[in-house]
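Trainee: Please show me how to read helix packing, burial and backbone geometry, one feature at a time.

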Amino acid sequence: MTIATTSDAAASTPKAEKGVAPIKAEYLISRTAESVLHTEENKETSAADSTDRKQGGPAKRQGGQHQNRKNKNKGKPTYDEPGTKLCGKIAQGETCPFDDKCSYSHDVAKYLAEKEPDLGPSCVNFDIYGHCRFGLRCRYADAHTRPEDHSQIVDEAKVKTVSQRYALNEVGRDLQIRLRKKEVRFPRTDEFTEMLKQEAASDADAADAAPPTGESPDEISDCDFSLKGQPQAKRHRAGRGHIDFRGKTYLAPLTTVGNLPFRRICKGFGVDITCSEMAIASNLLQGQQSEWALLKRHPSEDVFGVQLAGNRADVVARAAELVARECAVDFVDLNMGCPIDMAFNNGGGSALLAQPRKIGHMVRGLVHVTDCDVTAKIRTGVRADALVARELVPQLEGWGAAAVTVHGRTRQQRYTKLADWTYIAQCRQAAQRVPVFGGGDVMSWEEYWEHVGDAQQSDGVMIGRGALIKPWVFREISERRVWDISATERLDVLRDFARFGLEHWGTDPQGVSNTRRYLLEWQSFLHRYVPAGILEVLPQRMNDRPPAFVGRNDLETLMASDKVKDWVKLVEMVLGPTPENFTFVPKHKSNSYE
Ligand SMILES: Cc1cc2nc3c(=O)[nH]c(=O)nc-3n(C[C@H](O)[C@H](O)[C@H](O)COP(=O)(O)O)c2cc1C
């Protein structure tokens, strides 16, 4: 898409309208030009709310995920591999132990005749490791294939010097198999469960001895937030508490988009703390490979946590015990904010906020079964008329949490309305020692320092969508200045992501396809960035929607497009041509203006 500036564009003057990003007059597109433009393009697939925007405002709809994603991007053919999949051993030039019983093709000539052309002259995996584990199946295979006999080149010198694997926390298949066979033991969780049983027995004895109150102990603990009867934070183990959370920048856990390559980009811009995407405790315990893959950590992630979600204290404890035993993690974070129905209706995520007794068991359990810090991520409450976070913070502290993050919205609110930073400040004041991070809507250095500076509303800020829209926000925060980043520099960021993605997901057709999809998911947020030099008033605010504008050059204009077609074009600039029949619908609705 190339939007030309129309002659009457400069005629409009920006108004300081509530909810509208103030764009300098010379970059505005007039209403007439805009409607012509959209008539021409109205046949295109567009992102969820792009049509809302053209029609003068968002239609009311539920937050969450796009439910109508066609085949949820999983249908075939979505990635560029010939119909027959070449056997991995043969692709490496080795012999296959299964011979003619192998379910994959051994016909190299046929595979190469059908294969799409290479996507580029060099292969990231070969460049780093001195060999490519995908061999002929690599989409950059020419870089490491001898043309005369298709054998694979190995750069021995490099193979030897690469001692460290690219990602940490790559848990072997044998653990997954043992988990599926139920052969893994959880001694520390067993110990904790036993302890809880004894506590329950002595509580029952005490209740028998006490005069009747008319309420069962469960009823009391399910609705009472006082510290009565709760063990204090005495379960800290030696070695715990080594992270000084205060004042550090913290990249929020972000399902799908907060993947390792994205976190690596944010590390490059200076973020201090990173966290995995939310991993479901029960999926980990079932040995699901895709869930364990969420825990991978790049060596640059020097303060790294794993976020766990679950609805049962014993399940979450087992998962945490295993993660802490098998992986390199600095902290385990308990998710109590997830709003999606699937988690909520099963009593997990933000549904926990209404069950303080269960939270107590969970946090104490995590503290008991791990040697690392345990942190908690909560919302202000489930509903606006029953906020619970302020009462919960001291409870969490008592149970042994090393830090708490409060996302300043209720579940009911999703992303509508601004985060309540006044309430976050009250949560912080309710804590005695533990650092309380706030989260919600921050996307500029000014807002960051407003919340952690003199106002002392929080001990730190966790940044989610702000980092997705402009990951360089972390550099701006540390330098305390706006960076008017150019479109070419932004394209370099996309290029880095593509490289990191190919390193992470692989250079074979599936890996390239994953990289493309995750980059598109990210672009569904990135396009919301309004270049600093185009704004009349800084900083850009999360909920201020810009009127249609052109960038300072065609690339900048393309980057601001809310059309999926343009996102695909942009991604092709760093990842080569998209396969035919490719469709994409972004997963999260939170990328759009509410
Ligand atoms: C796409 C997306 C995925 C998210 N995934 C998670 C998650 O896995 N775990 C979690 O605790 N919060 C998750 N969140 C919530 C964020 O961590 C954060 O608390 C929230 O977006 C508010 O911060 P923000 O206004 O800076 O985005 C997600 C948010 C978004 C936008």
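Trainee: Which residues of α10 and α21 meet?

Mentor: Contact means heavy atoms within 4.5 Å, and helices and strands here are DSSP runs numbered from the N terminus (H or I over at least four residues for a helix, E over at least two for a strand). On that reading L260, P261, F262, R264 and I265 of α10 meet V493, D496, F497, F500, G501, E503, H504 and W505 of α21. Keep in mind that this is a predicted model, in which local features need pLDDT of at least 70 and side-chain atom pairs count only at pLDDT 80 or more, while totals for chains, interfaces and linings use all residues. Residues are numbered from 1 along each chain as its sequence is written, and side-chain values use heavy atoms, with hydrogens and water left out.

Trainee: At what angle do α10 and α21 pack?

Mentor: Axes are lines fitted to C-alpha atoms, for helices over the stretch in contact, and angles between N-to-C directions run from 0 to 180 degrees. Helix α10 (residues 260–268) and helix α21 (residues 487–505) pack at about 135 degrees, with their axes 8 Å apart. The pair is therefore oblique, since angles under 35 degrees count as roughly parallel, over 145 as roughly antiparallel, 65 to 115 as roughly perpendicular and the rest as oblique. The crossing of α10 past α21 is right-handed, meaning that the near helix is turned clockwise from the far one by less than a right angle.

Trainee: How do α21 and α22 cross?

Mentor: Their axes come within 9 Å and cross at roughly 145 degrees. The contact involves, among others, R490, V493, L494 and F497 of α21 and G511, V512, N514 and T515 of α22. This crossing, too, is right-handed.

Trainee: Is α22 largely enclosed or open?

Mentor: Buried means under 20% relative accessible area, exposed over 50% and partly exposed in between, with a 1.4 Å probe and protein chains only. Because 15 of its 18 residues are buried, α22 is largely enclosed by the rest of the structure. For its length, the expected span of a helix is 1.5 Å times one less than its number of residues; α22 (residues 509–526) reaches 25 Å from its first C-alpha to its last, close to the 26 Å expected.

Trainee: Which helices do the buried residues of α24 pack against?

Mentor: They pack against α21, α22 and α23 (554–559), and the buried set comprises V564, D566, W567, V568, L570, V571, V574 and L575. The 12 residues of α24 (residues 564–575) should span 16 Å, and the end C-alpha atoms are indeed 16 Å apart. After α24 comes G576, whose phi is positive, near 80 degrees.

Trainee: Which residues have a positive phi without being a glycine?

Mentor: One of them is D99, with a phi of about 50 degrees, in the loop between α3 (88–91) and α4 (108–114). Another is T256, at about 75 degrees, in the loop between β1 (250–251) and α10. Their surroundings can be read from accessibility: D99 is exposed, with a relative accessible area of 53%, whereas T256 is buried at 7%.

Trainee: Where does the cis peptide bond from L538 to P539 fall?

Mentor: P539 sits in the loop between α22 and α23, and the bond from L538 has omega near -5 degrees.

Trainee: What share of the whole chain is buried?

Mentor: Of the 594 residues, 55% count as buried, and the chain has 24 helices and eight strands. Among contacts between residues at least 6 apart in sequence, 73% join residues at least 24 apart.
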